[in-house]
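The following note is offered to a colleague who is meeting this structure for the first time. It proceeds by numbered points, each of which may be checked against the structure shown.

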Amino acid sequence: MRRPQLDIQLKTPDQIEKMRAAGLVVARALRLMREAVAPGVSTADLDAIAESTIREAGAIPSFKGYHGFPASICSSVNEQVVHAIPSSQQVLREGDLISIDCGAVLNGWHGDAAITVGVGEVDPALLKMAAVAEDAMWAGIAAAARGAASGKGRLTDISHAVETAVRKGGRYGIVDGYGGHGIGTEMHQDPHVLNHGRPGKGPRLVPGLALAIEPMITMGSPRTVELTDGWTVVTRDRSMAAHVEHSMALLDDGVWVLTAEDGGRARLGDLVTARQSADSPAR
């Protein structure tokens, strides 16, 4: 079932269950990479962890080969915002900040999520930025859940909630031109989800809608440039950046954060669907 104009794919509850299985594969890969982050570890080392974890679960890395991307994760360090290619030459150092974006496809359904992690002892201001980005992501997910429950929610309610949380957190740049997206049988689907904007605009928030919510913020300018490798996006002023993401789906009785191991319960409480309580490992 698809909504007109934008090609928005609405999922059945059974299809969302399949997306949850893919999401749990991503969640495990990110947890293992988070545990591995340390000075002296290369971004290629992290990529190897992701690929082995995903394939051992019977899934396929979504990113590898996507428009020619050569790896299973994007590993963006410091001023790199998104899409940085893992390399054995990029070795993490004390004080770095790394954003790890990971995707998996299992039985035709995609999961996509990202975390930002400090390496060793990190400037508290950078850790605060990462925490603000994460809080903003959860604010956007909560806005989606409340909007669907009321029957009055619109897509940009998510955008507005993300922006409001970032602005409340401090003086950060909200990266231009990048945001979240629909997700399902393809990794990137309609609609695009901006991380800023006025509420009350765009498609309705309805059961069956699955989105990846992904704030990207900086310590300075929101403007970015793409490097000559054709992938890596960096801040134009070389200020530090943070990127976080979860895939979520709306059901009749709440939201399911498909790439959170607890389904979102710790952060969202009763906004989470009852289906989460019967959650099971990826299969």
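**Notes on salt bridges, cysteines and a buried serine**

1. Lys 64 is a convenient place to begin: its relative accessible area is 37%, so the residue is partly exposed. The reader should bear in mind that the model is predicted. Lys 64 forms a salt bridge with Glu 51, and the closest N and O atoms of the two are 2.8 Å apart. Lys 64 sits in the loop between β3 (60-61) and β4 (73-77), while Glu 51 belongs to helix α2; the two residues are 13 apart along the chain.

2. The partner differs in its surroundings. Glu 51 has a relative accessibility of 18%, and because buried means under 20%, Glu 51 counts as buried. Which residues are joined with Glu 51 into one network? Arg 55 and Lys 64 are, through salt bridges that share partners.

3. How many salt bridges does a search of the whole structure find? The search finds six. One of them pairs the side chains of Glu 17 and Arg 275, with an N to O distance of 2.7 Å. This pair links distant parts of the chain, since Glu 17 is in helix α1 and Arg 275 is in the segment after α5 (265-268), 258 residues apart. Glu 17 is partly exposed at 23% relative accessible area, and Arg 275 is likewise partly exposed, at 29%.

4. A further salt bridge involves Arg 31 and Glu 261, whose closest N and O atoms lie 3.1 Å apart. Arg 31 is in helix α1 and Glu 261 is in the loop between β17 (254-257) and α5, so this contact ties together parts that are 230 residues apart in sequence. Arg 31 counts as partly exposed, with 31% relative accessibility; the value for Glu 261 is 43%, which also makes Glu 261 partly exposed. As general background, side chains of opposite charge can pair when their charged atoms come close.

5. The cysteines call for a separate remark. The search of the whole structure finds zero disulfides. Why does Cys 74 not form a bond with Cys 102? The sulfur of Cys 102 is the closest cysteine sulfur to that of Cys 74, but the separation is 9.4 Å, which is too far for a bond; a disulfide would require the sulfur atoms to be within 2.5 Å. Cys 102 is in no disulfide either, its nearest cysteine sulfur being that of Cys 74. Cys 74 counts as buried, with 6% relative accessibility, and Cys 102 is buried as well, at 0%.

6. Is Ser 42 buried or exposed? Ser 42 is buried, because its relative accessible area is 5%. This serine lies in the loop between α1 (13-36) and α2 (43-56). Leaving aside residues up to four places away in sequence, Ser 42 touches Ser 87, Ser 88, Gln 90 and Val 91.

7. One annotation deserves mention. UniProt, in an unreviewed entry, lists residues 17-246 as "domain: Peptidase M24". In the model, the chain over residues 17-246 is 33% helix and 25% strand. The C-alpha atoms at the two ends of that range are 16 Å apart.

Conventions: Residues are numbered from 1 along each chain as its sequence is written. This is a predicted model: local features need pLDDT of at least 70, side-chain atom pairs count only at pLDDT 80 or more; totals for chains, interfaces and linings use all residues. Side-chain values use heavy atoms; hydrogens and water are left out. UniProt positions are given in the numbering used here, feature names are shortened, and annotations may be inferred rather than shown by experiment. Helices (H or I, at least four residues) and strands (E, at least two) are DSSP runs, numbered from the N terminus. Buried means under 20% relative accessible area, exposed over 50%, partly exposed in between (1.4 Å probe, protein chains only). Contact means heavy atoms within 4.5 Å. A salt bridge is a side-chain nitrogen of Lys or Arg within 4 Å of a carboxyl oxygen of Asp or Glu.
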